[in-house]
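Open the model in your viewer and keep the selection tool at hand. The stops below say what to select and what is there.

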Amino acid sequence: MLHFIAGPSAGKSVSVKDSTTVGRALESSIPVADRRMSRTHVRIFSKDGLWWIEDLNSSNGTWLGTERITGTHELKNLQHIRIGSSVLEVDFPDNDPRSNLRILHSIDPLHLRNLSMAEDEMMYPSEHRRLAAIYGLTDLIKGVQDEEELFTLVSRYLIQSVPHAEKACLYLLNDSDEYLSPTIGIDDQYQRLDSSEFPVSRKVLNYVSMNLKAILCVYNIREIKDATQSVVMGRNQQFLVAPLIHERELLGIVCLSSSFIGDELSFTEADLQFLTGVVFTTASHLFSLRLNQRTVESERLASLGSTAASLSHYIKNILTGVDGCLYLMRMGIDEEDSSLMNDAWGVLSRNHKRLSGLMLDLLNLAKESSLNIQPHSLTEIIIEVVELIKQGFENRGIELKVSDQIRFKSLVVDIDSMAIHRVLLNLLNNAADAIVGKYKGAEGGVIELRVDLSQSEQLLEIDVIDNGEGIPEEMKSRVFEVFFTGKGDEGTGLGLAVSKKIIEGHKGNISFSSDANGTVFSIRLPIHQRQNNTRLIDLPEDFLSHMNEIASKPRGSTQVE
């Protein structure tokens, strides 16, 4: 048997007949898509009860272990053959007298899991320390959410816990081609190993993966003195190898290696028992970690589908409005009707504003929380928001009241001015929509914006209060959910989600209470962001005059108290 352990055919195993050729050509007995191979590179054949390899005058040569060969050479079990960019491992059958692999002990991990504590104590009375070590591993990895971190911790733990362990290696099963790939390996100095330095042979990996048993095995140096893969400084190699199994599903294989001289073995059956327990714990954590990753990915894909559906529906409505206004615009141009063109321009402007708002919300929602927090006057931000919305509120018969704190004092706060502007605009517009839903354009709707500075709790308090229709009980749990809206086609479901993200980015919180009499949204921001820049200052006289001008609007639709 030949196992391809590197190159284009890695993971493939093939049986060798009495005479077999390996090369790039299709007419070879074993064709390999390796450009560095000759068309017919080597011949492997049996003669006089032995196996031989012959280099067929190849362009790039043939290596046994680290030695380049020419002509014909005898093959030994577990030798590595390198031809082109491919590496093959020789594997004699177990019943072949030249097979130098000896399995000293084996354990069924699934049986180990089912042992009762009494049986465990009776069979392994000296293993309480090892059991405590496994509990220690459980505590060590319980918070790990990254596979590479998990494998690194487990490898280091095994080197520390198993006497004489020189290397710890992990192979993971590749889902695409079911090939055990070298994943991580360290030596007893915690240095990372190259995949070529992984000590265990493909023969051992195949045995463990097919039988799903943990084994303690050795290689006989007298039989493999030329097989450099299994010799370390002239010593025999001993291995502890255990499968990573969850519910009889193979996830990978863990291996510990050690060298020994003569008959003095480094590893014991107790070490094999310990490794099996560690691997069982690791497999359970790995399966749980992958299950969580698949769950997150499924939720992400579902969220992506919901996002695409919501956005396409909202944008479609905007485009419908744009199509209508383009038609009106064309008609106005043809008929030279300026009134019709003005109507079309108004519709176009409103839809442009809706689309711009959508893009801004998406950008705020998608970007990381990198707020530009600087000292700003919250009073000035509120004045800008009020001036922006006052005409629309007047047209809908809504009265806006702003607290005295804003009128007579300026709150200088460490905030991202543009982000807080967006939050206030969202909350006030939502309040206006709730009032319109209740009063249908009639007078009586009132929105109150209260701002205060709580020195005792070191908090800036902002409340937006309306006497609108309130939030239905069944919707309250989803108010801050992305793309959830109670406005039908008029809403994107982004405003409150974006607002929540902005406020939490300021280390604050946003909450609400609502009933049939109206809704209160409350924002609480800590006074200290970068430094203690939150303070009250007296305003210049012209600034107060500007505020009074807003407060003196006729009909009182926008009122500052």
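Start with the sheet of this predicted model. Six strands make up an open sheet, in the order β2-β1-β11-β10-β7-β8, and their pairing is antiparallel. Strands of a sheet pair through backbone hydrogen bonds, either parallel or antiparallel.

Next, select residues 13–14 and 67–69, which are β2 and β8. These two strands stand at the edges and have a single partner strand each, so one side of each is left without a neighbour in the sheet.

Move to residues 80–83 and 86–90, which are β10 and β11. The two strands pair in the antiparallel sense over four bridges. To see one facing pair, pick Arg 82 and, opposite this residue, Val 87 in β11.

Now add residues 202–211, helix α5. Which strands does helix α5 lie across? Helix α5 lies across β1 (2–6), β2 and β11, and runs at about 105° to β1. Colour the buried residues of α5: Arg 202, Lys 203, Val 204, Leu 205, Asn 206 and Val 208. Just after α5, stop at Leu 212, where phi is positive, at about 50°.

Go on to a pair of helices. Two packed helices are described by the angle between their axes and the distance between the axes. Select residues 417–439 for α10 and residues 495–505 for α11. Their axes come within 9 Å and cross at roughly 140°. The crossing of α10 and α11 is left-handed.

Show the side chains at this contact. From α10, Ala 419, Ile 420, Val 423, Asn 426, Leu 427 and Asn 430 take part; from α11, Gly 495, Leu 496, Ser 499, Ile 502 and Ile 503 do. What is the make-up of the residues in the contact of α10 with α11? Seven are nonpolar, four are polar and none is charged.

Stay on α11 and mark its buried residues: Gly 495, Leu 496, Ala 497, Val 498, Ser 499, Ile 502 and Ile 503. After α11 comes Lys 507, with a positive phi near 65°.

Finally, colour the chain by pLDDT. The chain averages 77, and 73% of the residues score at least 70. Select residues 221–235: the pLDDT is below 50 there, and the stretch has 33 contacts in the model beyond near neighbours in sequence. Then select residues 531–541, where the pLDDT is also below 50 and the stretch has 28 such contacts beyond near neighbours in sequence. Where pLDDT is low, the predicted coordinates should not be read in detail.

Definitions and conventions:
Residues are numbered from 1 along each chain as its sequence is written. This is a predicted model: local features need pLDDT of at least 70, side-chain atom pairs count only at pLDDT 80 or more; totals for chains, interfaces and linings use all residues. Side-chain values use heavy atoms; hydrogens and water are left out. Axes are lines fitted to C-alpha atoms, for helices over the stretch in contact, and angles run from 0 to 180 degrees between N-to-C directions. A crossing is left-handed if the near helix is turned anticlockwise from the far one by less than a right angle, and right-handed if clockwise. Contact means heavy atoms within 4.5 Å. Ala, Val, Leu, Ile, Met, Phe, Trp, Tyr, Cys and Pro count as nonpolar, Asp, Glu, Lys and Arg as charged, and the others, Gly among them, as polar. pLDDT is the predictor's confidence in each residue, from 0 to 100. Two strands pair if DSSP finds at least two bridges between them. Buried means under 20% relative accessible area, exposed over 50%, partly exposed in between (1.4 Å probe, protein chains only).
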